[in-house]
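Please find below my notes on this model, set out as numbered points. They can be read alongside the sequence and the coordinates.

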Amino acid sequence: MSYDLTDHQLELLARVLQHGGVLSSPFGHSDEDTLLPALHDDIATLEEMGLITVTPHAGRTEGETLTLTEEGYSALDMT
């Protein structure tokens with residue numbers, strides 16, 4: 001299957017892969033990150049495409065765990 005992904009979306013998938021297929025956020029210093037809104041948009045898009053699952057951290061007001069799906073691995077040619 002072909003995926004129409006931006007470089008930033010591919011980078012995010014690769015970052016999740018580098019962490020064993022599971023990555024917890026928030027990432028870095030969110031108060032200082034001017035790219036944070038775009039990151040949240042990319043996360044939402046990747047989840048909508050079925051390439052990752054997003055699980056909110058229980059009992060916290062922010063943070064989530066991103067997990068690559070089988071489709072996510074396929075998008076990275078890791079099948």
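The points go from the whole chain to the core and then to single residues.

1. Overall make-up. The model is predicted, and the remarks here should be read as remarks on a prediction. The chain holds three helices and three strands, and along the sequence these come in the order α-β-α-β-β-α. Of its 79 residues, 35% count as buried. The exposed area of the chain is about 5,300 Å², and carbon and sulfur atoms supply 49% of that area. Among contacts with a separation of 6 or more, 58% are between residues 24 or more positions apart.

2. The nonpolar core. The largest nonpolar core has 16 residues, and those touching the most other members are Leu 5, Leu 13, Ile 43, Leu 46, Leu 51, Ile 52 and Leu 66. At least two core residues come from each of helix H1 (7-18), helix H2 (36-48), strand S2 (52-56) and strand S3. In soluble globular proteins, nonpolar side chains tend to be buried together.

3. Leu 51. Which residues does Leu 51 touch, not counting residues up to four places away in sequence? On the N-terminal side in sequence, the list has Tyr 3, Leu 5, Leu 13 and Leu 46. The rest of the list is Thr 67, Leu 68, Thr 69, Glu 71, Gly 72 and Ala 75.

4. Val 16. This residue lies in helix H1. Val 16 counts as buried because its relative accessibility is 0%, against a limit of under 20%. Leaving aside neighbours within four places in sequence, Val 16 is in contact with Gly 21, Val 22, Leu 23, Leu 66 and Leu 68. Val 16 and Ile 52 are 36 residues apart in sequence, with their C-alpha atoms 9.1 Å apart in space.

5. Gln 9. Helix H1 also contains Gln 9. Gln 9 is buried, with a relative accessible area of 6%. Beyond residues up to four places away in sequence, Gln 9 touches Asp 4, Asp 42, Thr 45 and Leu 46. From Gln 9 to Ile 43 the C-alpha distance is 7.9 Å, for a separation of 34 residues in sequence.

6. Glu 64, a point to look at. Glu 64 lies in strand S3 (residues 64-68). Is Glu 64 buried or exposed? Its relative accessible area is 17%, so Glu 64 falls under the 20% limit and counts as buried. Glu 64 nevertheless has no salt bridge. The nearest side chain of opposite charge belongs to Arg 15, and that side chain is 10 Å away.

7. Surroundings of Glu 64. With neighbours within four places in sequence left aside, Glu 64 is in contact with Leu 23, Ser 24, Ser 25, His 40, Ile 43, Val 54, Thr 55, Pro 56 and His 57. One of these, Ser 24, is 40 residues away in sequence, and its C-alpha is 5.7 Å from that of Glu 64.

8. Thr 65. Strand S3 is also the place of Thr 65. Why does Thr 65 count as buried? Its relative accessibility is 18%, and buried means under 20%. The side chain of Thr 65 makes polar contacts with the side chain of Ser 24 at 3.4 Å and with the side chain of His 57 at 3.2 Å. Apart from neighbours within four places in sequence, Thr 65 is in contact with Val 22, Leu 23, Ser 24, Thr 53, Val 54, Thr 55 and His 57.

9. Asp 77, a backbone check. Asp 77 is not a glycine, yet its phi is positive, at about 55°. Asp 77 is found in the segment after helix H3 (70-75). Asp 77 is exposed because its relative accessible area, 68%, is over 50%.

Terms used. Residues are numbered from 1 along each chain as its sequence is written. This is a predicted model: local features need pLDDT of at least 70, side-chain atom pairs count only at pLDDT 80 or more; totals for chains, interfaces and linings use all residues. Side-chain values use heavy atoms; hydrogens and water are left out. Helices (H or I, at least four residues) and strands (E, at least two) are DSSP runs, numbered from the N terminus. Buried means under 20% relative accessible area, exposed over 50%, partly exposed in between (1.4 Å probe, protein chains only). Lys and Arg count as positive and Asp and Glu as negative; His and the chain ends are not counted. A salt bridge is a side-chain nitrogen of Lys or Arg within 4 Å of a carboxyl oxygen of Asp or Glu. Contact means heavy atoms within 4.5 Å. A nonpolar core is a set of buried Ala, Val, Leu, Ile, Met, Phe, Trp, Tyr and Cys residues joined through side-chain atoms within 4.5 Å. A polar contact is a pair of N or O atoms within 3.5 Å; within protein, one must be able to donate a hydrogen and the other to accept it, and residues adjacent in sequence count only if both atoms are side-chain atoms. Accessible areas come from the Shrake-Rupley method with a 1.4 Å probe; for residues, only the protein chains shown count as cover.
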